[in-house]
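Q: I am new to this structure and would like a close look at a single part, the nonpolar core. Please take me through it step by step.

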Amino acid sequence: MISLKDIVPAATNTISTQFILVDKGNIGQDGKETTCLALVADETASVHFQLWGDECHFFEPGDIIRLTNGIFSYHRSNLVLRAGKKGKAEKVGEFNMLFVETPNMSEIKWANDPTNPRKFVKEAVVSSHSRIFPTLP
């Protein structure tokens with residue numbers, strides 16, 4: 001299991017982690033697919049999590065979710081964590097998890113690693129917190 005602060009963009013489904021769903025946006029349509037963007041977090045960082053299909057109605061704020069073989073990549077110009085076609089998101093608990101909202105890994109600008117163009121490195125912080133979901137009081 002990887003901490004959210006350690007995820008980096010990649011084109012492969014290799015992220016296995018656990019987090020709490022902090023907030024969920026409106027459910028909408030992306031072509032034929034039902035989608036919903038959520039804010040998820042663990043004790044090290046937060047990230048935007050893309051929900052698809054039935055996930056949009058199944059997961060609610062306060063749910064603790066285990067993601068297996070997820071992917072952290074761009075979807076419509078937004079950097080999001082998602083299960084993708086090869087991954088799996090499952091509810092494993094509710095409400096009992098420490099978390100932080102900063103840094104938000106979706107709000108970091110990434111650049112190609114000069115020593116390995118197939119990898120990314122942090123270039124700059126766009127915002128320390130989510131610009132989509134307001135911080136909790």
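Before the core itself, what pLDDT does the protein chain average, and what share of the residues score at least 70? Then, which residues have the most contacts inside the largest nonpolar core?

A: This is a predicted model, so confidence comes first. The protein chain averages a pLDDT of 83. A score of at least 70 is reached by 85% of the residues. Among the elements, strand β1 (residues 15–24) has the highest mean pLDDT, 93. Strand β9 (residues 116–125) has the lowest, 71. Where pLDDT is low, predicted coordinates should not be read in detail.

Now the core. The largest nonpolar core has 24 residues. Those with the most contacts inside it are Phe19, Val47, Phe49, Leu51, Phe72, Leu81 and Met105. Several strands feed this core: β1, β3 (33–41), β4 (46–52), β5 (63–75), β6 (78–82) and β8 (108–113) each supply at least two of its residues. In soluble globular proteins, nonpolar side chains tend to be buried together.

Take Leu81 as a viewpoint. Leaving out residues up to four places away in sequence, Leu81 touches Leu4, Ile15, Thr17 and Phe19, among others. Its partners also include Val47, His48, Phe49 and Gln50. Leu67, Ile71 and Phe72 are on the list too.

For contrast, look at Glu43. Glu43 lies in the loop between β3 and β4. Its relative accessibility is 48%, so Glu43 counts as partly exposed. Beyond residues up to four places away in sequence, Glu43 touches Met97, Leu98, Phe99 and Val100. The C-alpha atoms of Glu43 and Glu101 are separated by 8.7 Å, with the two residues 58 residues apart along the chain.

Methods:
Residues are numbered from 1 along each chain as its sequence is written. This is a predicted model: local features need pLDDT of at least 70, side-chain atom pairs count only at pLDDT 80 or more; totals for chains, interfaces and linings use all residues. Side-chain values use heavy atoms; hydrogens and water are left out. pLDDT is the predictor's confidence in each residue, from 0 to 100. Helices (H or I, at least four residues) and strands (E, at least two) are DSSP runs, numbered from the N terminus. A nonpolar core is a set of buried Ala, Val, Leu, Ile, Met, Phe, Trp, Tyr and Cys residues joined through side-chain atoms within 4.5 Å. Buried means under 20% relative accessible area, exposed over 50%, partly exposed in between (1.4 Å probe, protein chains only). Contact means heavy atoms within 4.5 Å.
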